[in-house]
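Me: Could you take a close look at one part of this model for me, the place where the two chains meet, and then walk me outward from there? I would enjoy a connected account rather than a list.

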Amino acid sequence: MPITSVTKDPEKLSLTVVAEFPVPRKRLWEAWADPRQLERFWGPPFAPATFTRHDFRVGGRAEYFLSGPNGEKWADSWKFTAVNPIDSFEVRDGEANAADENLPSSMTFTFETTPTGSRLTHVTRFSGVEAMEKTIPGMEEGFRAAMPQLDALLEL
Amino acid sequence: MVVVPEESEESLNRLFRALADGTRRDILARAIAEAPSVSELAARYEMSFAAVQKHVAVLERAGLVRKRAHGREQLVSTDHERLRRAGELLDAYEVLWRQRVAQLDDVLREGN
């Protein structure tokens, strides 16, 4: 299983995921650089993602929406604040809802070569609980609906 | 002799002023127990919505409660409640990431 660790910090409102994959780092990077591949894994199973924009350079933006099972649409956008091909990239999330500048969260993605392939280290930092409420929209309801699969997933 | 820095003396004064009022103590107790909305609080006391908002603002300035938006409502909660909620949301977010990584793994294994 690719996940090697998940670390949550409720005080600092951050989550760190480390995952390893049996493919070269360049291949792993491409999955994030190509919106057609990205949309196949970014959304949860009950709400697939559609990327309408993916301008993968510093200052560029990505825009996407998740389509929920009952016709809900959750739109979000990112601003790329760092893009260092095949090493790392960073985004500010929630720029579409920037009416409240405290809302955005930041996400960093770091890619490394390992003896068996490649490693992704991801960190999300939320600026506040309100930012979390907006960034994880409807997720809890979705997860409750997906409860039967949940236990199986957590064992992975 | 204990020297209280001016800044913390000021925040102590805010704290004691906030707790000196019975309605505010009651609001604080409810915020600890259940994170009520400002309109729920306003329905409980014989005072206007604006008056309740003022009490909440005094508690907020003393660092005793926080307000957060929930749909069109403003929920009043303590840091304890905030931490609990943060933990809940992080749990959901963790599941989201676990699914995401499993799906990414599938995409990578397909060899594009």
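Reply: Happy to. Let's start with one pair of side chains: B:Glu94 and A:Lys8 are joined by a polar contact of 2.6 Å. Please keep in mind that this is a predicted model, and every value below is computed from it.

On the chain B side, B:Glu94 sits in helix 5, which covers residues 79-109. Is B:Glu94 buried or exposed? Its relative accessibility is 11%, and because buried means under 20%, B:Glu94 counts as buried. Once its neighbours within four places in sequence are set aside, the residues in contact with B:Glu94 are A:Val6, A:Lys8 and A:Leu15.

A:Lys8 has a further partner in chain B. Its side chain meets that of B:Asp91 in a salt bridge, with 2.7 Å from N to O. Between chain A and chain B the count is 3 salt bridges, and the rule finds 7 residue pairs in polar contact across this interface, both members being at pLDDT 80 or more. On the chain A side, strand 2 (residues 14-21) brings the largest share of what touches chain B, namely 5 residues. Sorted by class, that side of chain A has 32 nonpolar, 5 polar and 8 charged residues.

Now let's step back to the whole interface. Here 45 residues of chain A are in contact with 30 residues of chain B. The two chains bury about 3,800 Å² between them, and carbon and sulfur atoms give 70% of that area. Which three residues supply more of the area that chain A buries against chain B than any other three? They are A:Arg40, A:Phe41 and A:Glu133, which supply 15% of it.

It helps to place helix 5 within its own chain. Chain B has 5 helices and 2 strands, and their order along the sequence is α-α-α-α-β-β-α. Of its 112 residues, 42% count as buried. Among the contacts in chain B with a separation of 6 or more, 48% are between residues 24 or more positions apart. Chain B exposes about 6,500 Å², with carbon and sulfur atoms supplying 50% of that area.

Helix 5 of chain B also holds a salt bridge within the chain. The side chains of B:Arg109 and B:Asp105 meet at 2.8 Å, N to O. Both residues lie in this helix, 4 residues apart, which is about one turn. Their surroundings differ in accessibility: B:Arg109, at 58%, counts as exposed, whereas B:Asp105, at 8%, counts as buried. Elsewhere, salt bridges that share partners bring A:Lys8, B:Asp91, B:Glu94 and B:Arg98 together in one network, which takes us back to the pair we began with.

Chain A has charged pairs of its own, and over all chains the structure holds 17 salt bridges. One of them links A:Arg61 with A:Glu63, whose closest N and O atoms are 3.8 Å apart. That pair is counted because the cut-off for a salt bridge is 4 Å. A:Arg61 is partly exposed at 23% relative accessibility, and A:Glu63 is partly exposed at 26%. Another salt bridge is formed by the side chains of A:Glu112 and A:Arg119, at 3.4 Å from N to O. Here A:Glu112 has a relative accessibility of 33% and counts as partly exposed, and A:Arg119, at 24%, counts as partly exposed too.

A:Glu63 leads on to one last stop, A:Thr50, which lies in strand 3 of chain A (residues 49-54). What is A:Thr50 in contact with, leaving aside its neighbours within four places in sequence? The list is A:Glu39, A:Glu63, A:Tyr64 and A:Phe65. A:Thr50 and A:Leu66 are 16 residues apart in sequence, and their C-alpha atoms are 6.4 Å apart in space. With a relative accessibility of 31%, A:Thr50 counts as partly exposed, so this residue falls between the limits of 20% for buried and 50% for exposed.

Note on methods
Residues numbered from 1 in each chain as written. Chains lettered and ligands numbered in written order. Heavy atoms only, no water. Contact = heavy atoms within 4.5 Å. Buried area = accessible area lost by both parts, 1.4 Å probe. Polar contact = N/O pair within 3.5 Å; in protein donor to acceptor, adjacent residues only side chain to side chain. Nonpolar A, V, L, I, M, F, W, Y, C, P; charged D, E, K, R; others polar. Buried < 20%, exposed > 50% of the residue type's maximum accessible area, 1.4 Å probe, protein only. Areas by Shrake-Rupley, 256 points an atom, 1.4 Å probe, with all protein chains shown as cover.
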